[in-house]
Structures are given as structure tokens and as C-alpha cells.
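The paragraphs below walk through one chain, beginning with overall figures and moving on to single helices, loops and side chains. Please keep the structure open while reading.

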Amino acid sequence: MADVLTASQQTELPTRAASSVRTLVLVSLAHWVSHFHMLVLPMLFPFLKEQLGVGYVELGLPLTLFAVVSALTQAPVGYLVDHAGARRILLLGLTLGGLSLVALGLYLSYASLIVAAVLLGLANAVYHPSDYALLSAHMEEKRMGRAFGVHTFSGYLGSAVAPAIMAALVATIGGFAALIVAGLVGPITALLLLLGNVPEVPPHPHHADGGKAKQPNLLTPLLILLTFFFMLLSLSNSGISSFGVVALMSGYGISFSSANVALTAFLGASAVGVLAGGYLADRIRHHNLVAAVAYAINTVLVLAITFFTLPTVLLTAVMLLAGFLSGVIAPSRDMLVRNAAPPGAAGRAFGIVSTGFNFAGVVSPLLFGWIMDMNAPRWVFGASVVFMVLTIVLAFFTEPKKAKA
């Protein structure tokens with residue numbers, strides 16, 4: 001009998017591994033779509049401005065609404081993920097986000113642009129709670145960090161290719177059709193997840209009686225702390241990512257092309273760092289130390305950029321290393337949340353902490369735009385250093401007690 005069980009288990013192992021890989025690929029594809037859809041409207045600003053006859057302030061309002069809606073709905077969507085099913089909610093999010101862009105391409109007006117931005121914000125709130133709940137349930141524990149790394153990398157990749165894809169679509173088929181095609185990516189991806197049979201997250205025992213059992217308390221000090229941790233991580237990078245080029249040009253006298261090369265090195269190295277960080281996260285116990293050590297080094301690097309005018313080659317090298325270290329943190333950051341989440345509540349936990357990203361998305365453009373308006377471009381990097389130092393301090397309090405034991 002033991003031999004039969006052993007043979008059966010050996011047969012199941014390749015099947016489980018294949019299912020895990022398929023799930024990781026499809027969930028990462030959904031994450032790629034989320035980042036791609038976030039940049040569709042900004043990449044079409046020139047087309048939208050011409051068609052609607054509005055200014056950039058009016059075009060900025062939909063993006064603000066997008067960020068606010070995502071921030072306010074992340075936690076409620078996390079609740080739905082844990083109770084209605086992560087797979088089901090993810091499919092709805094992909095379809096809703098995609099169809100909102102399709103509708104905008106079919107009927108373009110300023111009012112429809114506002115509605116599309118709100119719906120995109122709601123759809124965007126789906127991805128983190130759903131994706132992480134699915135990965136937490138179906139990835140092998142010993143490869144969880146790498147799975148989180150691949151998932152985050154796919155999002156970076158979606159952001160990286162969105163400008164080129166949208167530019168090519170506008171040039172070949174026009175702005176209206178570009179909106180429709182970009183939107184159709186969502187439902188098509190949802191169909192791929194259905195055909196790929198991504199498994200649902202199995203219900204946790206405290207859900208089995210229809211939710212009547214006592215629900216775990218998610219507004220714990222640790223998860224609230226991790227929400228601020230996520231916000232600080234985002235703020236420490238968003239200023240460099242969004243305002244790095246103009247800050248380098250106006251504050252350091254660097255040419256447009258050189259500043260772009262330096263920023264490209266930062267962003268590209270971040271994506272590579274995420275993959276490396278996944279391997280690191282699978283081999284360490286104290287994930288908060290990764291953030292503390294990486295950001296301690298980053299503080300020194302970005303501080304050097306703040307106060308010294310470095311030669312272009314050296315500046316690019318420093319930006320590359322800083323970007324790599326910023327990426328390394330991401331999988332360990334996600335592991336901290338997974339370890340802090342009560343059983344069966346991964347969707348809600350990631351929904352809560354991801355609001356930190358959304359609040360940073362609202363604050364960051366205003367803060368760093370104000371810094372540039374005050375003619376203090378070096379403080380784009382200086383403010384990032386301040387956020388990095390705060391992140392280091394907070395990192396020492398973000399590890400669950402069970403991981404410290």
C-alpha cells in the first residue's frame with residue numbers, strides 16, 4: 001500500500017508543478033495587463049487633447065480619480081476576493097477595465113473619459129488582492145518569493161512596453177481604434193485564464209459556514225504599519241521615476257538624452273532586481289532586513305546624486321545600482337504581507353496594504369511637482385532620501401512575530 005501511495009504521489013508532483021507554472025504565467029499576464037492599462041490614457045494625452053479640446057489640467061483629473069477610486073476600493077475588493085473567489089473577481093476586473101476602454105473608443109467625450117477612468121480605477125483595485133491570493137494558495141512555499149518576483153516583473157514589463165505599443169497603434173490604426181484594441185486585451189486575457197483553468201482559491205474553514213464564524217481581525221497594528229511601509233516605498237521611488245529626467249536637466253545641467261539614459265538604467269535595473277530579489281526572498285527568513293540593507297545602500301547612493309554633480313557615466317552607474325536595489329526589495333516586501341495575513345485572508349490583507357501605493361500615487365505628483373515649481377530640482381532626490389530613511393526605520397517593525405520566533 002505504501003508503494004502504491006508513493007507512486008501516486010510521484011505521479012502527482014509533475015502535475016502540481018505544471019499547474020503552478022501555468023497559474024503563475026496566467027496571473028502574471030493579468031498583472032501585465034493592469035500596468036499596461038494604467039498607461040493607456042496618459043500615452044494618449046495628445047490625441048485626447050486634440051479630440052476633446054481640453055487642457056492638461058482637465059486631462060489630469062481622470063488620472064487623479066483613477067488613483068482615488070483604486071485607493072478607496074482596494075480593501076473592499078480584498079474582502080470580495082476572500083469571500084467570492086479570487087479567480088472570479090480577477091476575471092471581472094480584467095473584463096471591466098478592458099470594456100471601459102472599448103466603450104471610450106466607441107464614444108469619446110469628456111464625460112465618458114471621466115467614467116472610463118473611474119471604472120479603470122475600480123478594475124485596478126482587483127489585481128493585487130486577487131493575484132496575491134491566487135499565488136499564495138497555489139505556489140510552492142519554497143518558490144513563493146520567486147513567484148512574487150515574476151509577478152512584479154510582469155507589471156514592470158507592462159509599464160515598460162505600454163508607450164511603444166500605444167504609439168504604434170495610434171500611428172497605424174488611429175486613436176479611437178487604439179483605445180478599442182488596448183481595451184480588448186482585458187477580456188482576451190480573461191478568456192485565456194478561463195481556458196488555462198486557473199484554479200480558484202480553496203475556501204478557508206472560517207468561510208465554510210457562510211461567513212458566520214468569527215472573522216479574523218485585519219486592522220492589526222502590523223498590517224496598518226505595512227500599509228505605511230508600502231506608501232513610503234512607493235514615495236521613495238516615484239519622484240525619481242516621474243520627475244527624474246526634468247530634475248537632472250534643470251538641476252544638474254544634463255542633456256535630455258543623458259538624463260533619459262540614466263532613468264532608463266534605473267527602471268531597467270529595477271525590473272532585473274525584482275527577479276533577483278525573488279531568489280533572495282526564498283533563501284532568507286528575515287525579509288524586513290532586505291529592505292533595510294538595500295535602502296541603507298540606496299540612501300548613500302541617492303544622497304550622492306543630491307549633493308554632487310556626477311559625471312554622466314558615473315551618474316548612470318549609480319542610478320543603475322540604485323534601481324537594482326529598489327527592485328530587490330519587492331518580493332521580500334510581498335512576503336512580509338503574506339506572513340502577516342491571517343489564514344484565508346490574503347486578499348483582504350493585500351487589498352489593505354496596497355492602498356499605500358494608491359495614496360502615494362495621489363500624493364507623489366503633487367509633492368514632487370511642488371518641489372520642481374519651487375525651483376529645487378535636487379530635492380527630488382533629496383526628498384526620496386528622506387522617504388528611504390523612514391522606510392529603513394519602519395522596516396525593523398514590519399516582521400510578524402511568528403517569523404521572529
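Accessible areas here come from the Shrake-Rupley method with a 1.4 Å probe. By that method the accessible surface of the chain comes to about 17800 Å², and carbon and sulfur atoms hold 73% of it. The model is a predicted one. It has 15 helices and zero strands. Of the chain's 405 residues, 52% count as buried. Among contacts between residues at least 6 apart in sequence, 86% join residues at least 24 apart.

A useful starting point is H37, which is placed in helix α1, residues 2-38. Is H37 buried or exposed? Its relative accessibility is 6%, so H37 counts as buried, the limit for that class being under 20%. Leaving aside residues up to four places away in sequence, H37 touches G97, G98, L101 and L120, and also A182, G183, V185 and G186. With one of these, A182, there is a polar contact: the side chain of H37 reaches the backbone oxygen of A182 at 2.9 Å.

A182 falls within the range of α8, residues 175-195, and the loop between α8 and α9 holds N197. The phi of N197 is near 55°, a positive value in a residue other than glycine. Why is that worth a remark? Most residues other than glycine have a negative phi.

Helix α9 follows, covering residues 221-252. Where does helix α9 bend, and by how much? The bend is at F243 and comes to about 70°. Just after α9, G253 also takes a positive phi, of about 70°; this residue is a glycine.

R333 has its place in helix α12, residues 312-340. The relative accessible area of R333 is 11%, so this arginine is buried. Which residues does R333 touch, apart from those up to four places away in sequence? They are Y132, T152, F229, F230, L233 and F357.

Several residues of helix α11, which spans 287-307, can be taken together. L301 lies in this helix and, at 15% relative accessibility, counts as buried. The C-alpha atoms of L301 and V318 are separated by 6.4 Å, although the two residues are 17 apart along the chain. V318 is also among the residues that L301 touches, together with L321, A322 and L325, when residues up to four places away in sequence are not counted.

I305 lies in α11 too. Its relative accessible area is 1%, and therefore I305 is buried. From C-alpha to C-alpha, I305 and L315 are 7.3 Å apart in space and ten residues apart in sequence. Beyond four places in sequence, the residues that I305 touches are Y252, L310, L315, V318, M319, R378 and F381. V318 thus appears in the contacts of I305 as well as in those of L301.

L303 is also found in helix α11. Its relative accessible area of 36% makes L303 partly exposed, a class that lies between the 20% and 50% limits. The C-alpha atoms of L303 and V385 are 6.4 Å apart in space, while the two residues are 82 apart in sequence.

Helix α11 also contributes to the surface. A nonpolar patch of about 630 Å² is made there by L289, V293, I297, V389, V393, F396 and F397. Which helices each supply at least two residues of this patch? They are α11 and α14, the latter being residues 378-395. The largest share, three residues, comes from α11; V293, one of the patch residues, lies in that helix.

The last stop is the loop between α13, residues 346-373, and α14, where N375 lies. Is N375 buried or exposed? With a relative accessible area of 66%, N375 is exposed, since that class begins over 50%. Phi of N375 is near 55°, a positive value in a residue other than glycine. As a general rule, most residues other than glycine have a negative phi.

How values were computed:
Residues numbered from 1 in each chain as written. Predicted model: local features only at pLDDT ≥ 70, side-chain atom pairs only at ≥ 80, totals over all residues. Heavy atoms only, no water. Helix = DSSP H or I, 4+ residues; strand = E, 2+ residues; numbered from the N terminus. Buried < 20%, exposed > 50% of the residue type's maximum accessible area, 1.4 Å probe, protein only. Polar contact = N/O pair within 3.5 Å; in protein donor to acceptor, adjacent residues only side chain to side chain. Contact = heavy atoms within 4.5 Å. Bend = angle between axes of the 7 residues up to and from the residue. Patch = residues over 30% accessible without salt bridge, like charges linked within 9 Å, V, L, I, M, F, W, Y side chains within 5 Å. Salt bridge = Lys/Arg side-chain N within 4 Å of Asp/Glu carboxyl O.
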